[in-house]
Amino acid sequence: MIDIELIEECRDGNFNNFRKLVELTSPMAFSVAFRILCDEDLAKDVVQETMITIWQKLKKIKSVEVYRTWIYRIVVNKCYDELRKRKRHPEFVTDEQTWSLISNRVSEGPSAELENKETEKVISQLTNRLTPKQKTVFVLSDLEQMTNDEISEITGMSKSGIKSNLHYARKNISEMIEKYL
Amino acid sequence: MEQESEKYKKVLEILRNSQPVLDSTDDIENEVIKRISKINEPRPNLLNLIDFLFGWVYIGWVRNGLITASVILVMFFIWQQSIILKRIDLLSRQAIIENVETISNPASEVERGIMMYKLSGRRLPSRNLTISEKQMNQLLDSVNELQTKYKDLIKLIEDDPELKSSIEKKLKEHNQKKTKI
């Protein structure tokens with residue numbers, strides 16, 4: 001949990017406290033970046049860039065209450081930029097190993113967990129055919145378990161837009177699960 | 001359809017449980033602090049100015065080209081301005097003397113001054129004439145003094161008939177010598 005006082009002190013330019021803020025903020029920023037980008041190194045780069053942007057613009061945020069949403073917005077925007085840079089896959093390539101991994105974990109039960117590398121492969125396989133918007137909405141809604149209001153604030157999308165993107169994302173992923181699992 | 005939904009939920013639950021682990025928080029912290037320290041280092045004013053003026057250009061060679069072009073333009077402007085200022089200075093000095101010529105005051109001293117100016121103007125091209133107001137006043141004073149002395153001398157000669165006849169004789173001899181030559 002990020003302390004409001006800590007953010008206030010960082011807003012006053014306290015350099016030492018910013019280290020604490022980085023320590024507390026990095027995991028949540030990394031989680032979203034990693035799940036959207038499906039690339040650990042790239043996600044770490046995004047986290048670094050996000051922290052530098054936070055330091056530069058922390059004084060500009062109107063209230064510390066919006067800090068969490070504000071961080072996610074920066075992360076998502078940076079992830080968007082990275083996704084746009086990437087070349088789209090011309091064809092969807094099915095990775096049998098990944099599907100067998102998913103199958104194994106599903107059979108293990110709800111307590112099963114994946115390592116970073118495995119998570120990377122699984123999310124990448126499931127969201128391969130999604131657009132950046134659909135992928136972002138899916139990650140924020142279904143994996144990070146945010147509300148539509150929060151997603152709307154973070155992405156700047158309308159609620160109807162979020163619903164439709166989420167619908168297409170879920171439909172697409174469900175179809176793939178049905179087909180390959 | 002229900003079974004498909006179940007599979008989707010199971011996969012989703014595994015992904016939710018598998019929170020991405022950021023193992024190198026310290027590395028990120030250190031890197032962020034290092035980069036922020038660099039940002040906070042005071043930069044030369046010139047670099048700040050260049051960033052302010054050309055920060056909107058992202059292509060390196062375009063930015064460098066614009067900087068070079070603007071430096072050349074500024075240098076050309078300064079050179080042109082210095083030439084214009086020199087010309088204005090020169091013209092203003094000439095204008096002081098020309099103003100004397102246009103003064104409607106019929107005072108004899110001014111008229112004599114104009115005459116002297118014209119005399120000296122014949123000797124010197126007008127563009128090279130750099131007589132200051134002080135020098136002009138000195139010249140007029142000396143002309144007045146000379147004229148007074150001349151009047152005194154004439155009076156002295158007229159008062160003394162012997163001296164007058166002697167001078168006339170000398171002048172005649174002098175004129176004769178000139179004719180012979």
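Within chain B of this predicted model, confidence bottoms out in helix H5 (residues 108–123), where the mean pLDDT is 62, and peaks in helix H6 (residues 133–159), at 89. Averaged over chain B, the pLDDT comes to 79, and 76% of the residues score at least 70. A weak patch covers residues 101–106 of chain B, where the pLDDT is below 50; leaving aside near neighbours in sequence, this stretch has three contacts in the model. Where pLDDT is low, it is best not to read the predicted coordinates in detail. As for the complex, the predictor assigns an ipTM of 0.86 and a pTM of 0.61.

Turning to the contact between the chains, chain A puts in 33 residues and chain B 24 residues. On the chain A side, at least two residues each come from helix H2 (15–37), helix H3 (40–57), helix H5 (96–108), helix H6 (116–126), helix H7 (132–143) and helix H9 (159–180). The top contributor to the side of chain A that touches chain B is H2(A), which supplies nine residues. Sorted by class, that side of chain A holds 19 nonpolar, eight charged and six polar residues.

One piece of this contact pairs H2(A) with helix H2 of chain B (residues 25–40). Their axes lie 10 Å apart, and the two helices pack at an angle of about 135°. H2(A) and H2(B) are therefore oblique to each other, since an angle counts as oblique when it falls outside the roughly parallel (under 35 degrees), roughly perpendicular (65 to 115) and roughly antiparallel (over 145) ranges. The crossing of H2(A) past H2(B) is right-handed. From H2(A), the residues involved are Arg19(A), Val22(A), Glu23(A) and Ser26(A); facing them from H2(B) are Thr25(B), Ile28(B), Glu29(B), Val32(B) and Ile33(B). This H2(A)–H2(B) contact comprises four nonpolar, three charged and two polar residues.

H2(A) also packs within its own chain, against helix H1 of chain A (residues 4–11). Here the axes of H1(A) and H2(A) come within 8 Å and cross at roughly 135°, which makes H1(A) oblique to H2(A). H1(A) passes H2(A) in a crossing that is left-handed, whereas the one between H2(A) and H2(B) is right-handed. On the H1(A) side, Leu6(A), Ile7(A), Glu9(A) and Cys10(A) make the contact, and they meet Asn17(A), Phe18(A), Lys20(A) and Leu21(A) of H2(A). Five nonpolar, two charged and one polar residue make up the contact of H1(A) with H2(A).

How values were computed
Residues numbered from 1 in each chain as written. Chains lettered and ligands numbered in written order. Predicted model: local features only at pLDDT ≥ 70, side-chain atom pairs only at ≥ 80, totals over all residues. Contact = placed C-beta atoms within 7 Å. Helix = DSSP H or I, 4+ residues; strand = E, 2+ residues; numbered from the N terminus. Nonpolar A, V, L, I, M, F, W, Y, C, P; charged D, E, K, R; others polar. Axes fitted to C-alpha atoms, helices over the stretch in contact; angles between N-to-C directions. Left-handed = near helix turned anticlockwise from the far one by under 90°. pLDDT = per-residue confidence, 0-100.
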